[in-house]
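Here is a brief report on one protein chain. Look over the sequence and the model before reading on.

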Amino acid sequence: YICNTCNMQIVVKTETKSGAVKYGTDLTAAINEAEDGTTVTILRETSLSKNAYVSGRKKTVTLNLNGYSVTGNYTLNAGILDSEEGGTLAIVGKGDIQTSLIVVKNSTLDLSGWTGENLNYLSVYEQSSVIGIPSGAYINKMCLTSFTGSNVSEVALKGGSYGEIWWNNFKGTDLNLGSLLAPGYAFQSDSGDFVSYSEKLAPV
């Protein structure tokens, strides 16, 4: 589709919780301008034009990949670093996330409705929450960050494969890998062996 006003390619549809629908030519702008309860649906392959943020106390925005991938050298953020506002980003539908996902303090990333297979980079800060990483998903790199030395809260992993897990701790203490798991779950190595709950991850 081509916008009749600007003659640019339409790449997203936004729908508010009241049912108001509009179309746009920029994925980043659609996410940044979305109000609470809005669903942003990708309509064709596109990339982020700059960093995109879901920020606002009790604000939730859903990104429907709709069979397409999110690409680009910019970041997709739940919340804004150094802000107390937080925000919830829910990603649903099939499609890969080839950009970087960042979840900061007081924010939530909900992947329970995501049916894609590949996530390039996931950065999770302390006092944030990640929900529902699918069992069949591959996360190329997950970086966990703590400024106070405490474990990253409410990750509770139940699935997914991880190429690398980094622990970025400004206090220099190790991370207990078992603290990242939901009850009843365990990490398993490529060889098939289960990893001890007490295994430590040293800060990078």
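What share of the chain's contacts with a separation of 6 or more comes from residues 24 or more positions apart? Such pairs account for 44% of those contacts, where contact means heavy atoms within 4.5 Å.

This is a predicted model, in which local features need pLDDT of at least 70, side-chain atom pairs count only at pLDDT 80 or more, and totals for chains, interfaces and linings use all residues. Residues are numbered from 1 along each chain as its sequence is written, and side-chain values use heavy atoms, with hydrogens and water left out.

**Overall form**

The chain holds one helix and 17 strands. These are DSSP runs numbered from the N terminus, with helices as H or I of at least four residues and strands as E of at least two. The C-alpha trace spans about 60 × 35 × 30 Å along its principal axes. The radius of gyration is 18 Å, which agrees with the value near 17 Å for a compact globule of 204 residues. That radius is taken over C-alpha atoms, and the globule rule is 2.2 Å times the number of residues to the power 0.38.

Of the 204 residues, 44% are buried. Buried means under 20% relative accessible area, exposed means over 50%, and partly exposed lies in between (1.4 Å probe, protein chains only). The chain exposes about 10200 Å². Carbon and sulfur atoms supply 47% of that area. Accessible areas come from the Shrake-Rupley method with a 1.4 Å probe; for residues, only the protein chains shown count as cover.

**The seven-stranded sheet**

Seven strands form an open sheet with mixed pairing, in the order S2-S1-S3-S6-S9-S11-S13. Its edge strands are S2 (21–24) and S13 (129–131), each pairing on one side only. Neighbouring strands are turned by 15° against each other on average, direction ignored. Axes here are lines fitted to C-alpha atoms, for helices over the stretch in contact, and angles run from 0 to 180 degrees between N-to-C directions. Two strands pair if DSSP finds at least two bridges between them. Strands of a sheet pair through backbone hydrogen bonds, either parallel or antiparallel.

Start at the S2 edge. Strand S1 (residues 12–15) and S2 pair in the antiparallel sense over four bridges. Glu-15 has Val-21 as its bridge partner in S2. S1 and S2 form a hairpin with five residues between them. In the turn, Gly-19 has a positive phi of about 100°.

S1 also joins S3 through four bridges, and these two strands run antiparallel. Lys-13 is bridged to Thr-41 in S3. On to the next pair: S3 (residues 38–42) and S6 (residues 60–64) run parallel, joined by four bridges. Val-40 has Leu-63 as its partner in S6, and Thr-41 stands opposite Asn-64. Is S3 enclosed or open to the outside? Four of its five residues are buried, so S3 is largely enclosed by the rest of the structure.

**Four sites compared**

| Residue | Location | Relative accessible area |
|---|---|---|
| Thr-28 | helix H1 (residues 27–33) | 0%, buried |
| Gly-56 | loop between S5 (52–54) and S6 | 13%, buried |
| Thr-99 | strand S10 (residues 97–103) | 1%, buried |
| Gly-160 | loop between S14 (138–146) and S15 (161–169) | 24%, partly exposed |

The contacts below leave aside neighbours within four places in sequence. Thr-28 is in contact with Leu-48, Ser-49, Lys-50, Asn-51 and Ala-52. Thr-99 has contacts that include Leu-48, Val-70, Tyr-74, Asn-120 and Tyr-121. Its side chain also reaches the backbone oxygen of Gly-72 at 3.4 Å. A polar contact is a pair of N or O atoms within 3.5 Å; within protein, one must be able to donate a hydrogen and the other to accept it, and residues adjacent in sequence count only if both atoms are side-chain atoms.

Now the two glycines. Gly-56 touches Glu-85, Gly-86 and Gly-87. Its C-alpha atom lies 9.1 Å from that of Ile-80, 24 residues apart along the chain. Gly-160 is in contact with Ile-133, Pro-134, Ser-135 and Ala-137. Gly-160 and Phe-194 are 34 residues apart in sequence and 15 Å apart in space, C-alpha to C-alpha.
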